[in-house]
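Reader: I have not looked at this one before, so could you take me through it slowly once it is on the screen?
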Amino acid sequence: MNYIIKKGSTRTMYLFVITGVFLILTFSYNLYSYLQTNQFIIEFPGDWDKPLGIAIGVYLIIRSRKFVNQARKLFIKVSQGQLVYRTKASDSVNTIHISDIDKVQGKEDKVVLITKGSTKLEIDLSAIKSDKDKKTIRKTLIDLV
């Protein structure tokens, strides 16, 4: 079973890309216009603001790729003898071996997993909008043991 509760957001990536493209275009045009009328001053505080603006734009575009990898999607996945899930965007990805699960209790919006070490883990299903999907996921998780 593989169920995506909510896909990760890429708004931050788009913000970085748009800002980077804007900086590159603006500073490139300013540099081109400046070089048509004046000579470039090579010493450092001279006219280096335009090339540095272009470099920052390129850095932002390259840096935006990191946000694609870290998009916080919420999911539940059962495969190869283990349960992998993230049900809150602030949490990290949790992995539990199915053989370590001793008991599963289903509640209305939560599934409580009790492991062999007497640890209680709660999987919160409140982010799922559809009651049919909640029931299906709850039933699948209860049938694991």
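Reader: Let me start with a single residue: which side chain of opposite charge is nearest to Arg138, and how far away is it?

Author: This is a predicted model, in which local features need pLDDT of at least 70 and side-chain atom pairs count only at pLDDT 80 or more, while totals for chains, interfaces and linings use all residues. Residues are numbered from 1 along each chain as its sequence is written, and side-chain values use heavy atoms, with hydrogens and water left out. The nearest such side chain is Asp109, 5.1 Å away, and Arg138 is buried yet has no salt bridge. Buried means under 20% relative accessible area with a 1.4 Å probe, counting protein chains only, and a salt bridge needs a side-chain nitrogen of Lys or Arg within 4 Å of a carboxyl oxygen of Asp or Glu.

Reader: Where does Arg138 sit, and what is it in contact with?

Author: Arg138 belongs to helix H4, residues 131-142; helices are DSSP runs of H or I with at least four residues, and strands are runs of E with at least two, numbered from the N terminus. Leaving aside neighbours within four places in sequence, Arg138 is in contact (heavy atoms within 4.5 Å) with Gly106, Lys107, Glu108, Val111 and Leu125.

Reader: And which strands does H4 lie across?

Author: H4 lies across S5, S6 and S7, and it runs at about 155° to S5, where angles are taken from 0 to 180 degrees between N-to-C directions of lines fitted to C-alpha atoms, for helices over the stretch in contact.

Reader: In what order do those strands come?

Author: The 3 strands form an open antiparallel sheet in the order S5-S6-S7, pairing being counted when DSSP finds at least two bridges between two strands. S5 (101-106) and S7 (120-124) are at the edges with a single partner strand each, so one side of each has no neighbour in the sheet.

Reader: Is S6 enclosed or open to the outside?

Author: S6 is largely enclosed by the rest of the structure, because 5 of its 6 residues are buried. S6 (residues 110-115) is joined to S7 by 5 bridges, and within that pairing Leu113 has Leu121 as its bridge partner.

Reader: Changing topic, what is the span of helix H1?

Author: The end C-alpha atoms of H1 (residues 11-37) are 39 Å apart, which agrees with the 39 Å expected for 27 residues at 1.5 Å a residue, the expected span being 1.5 Å times one less than the number of residues. Among the buried residues of H1 are Met13, Gly20 and Tyr34.

Methods. Buried < 20%, exposed > 50% of the residue type's maximum accessible area, 1.4 Å probe, protein only. Lys, Arg positive; Asp, Glu negative; His and termini not counted.
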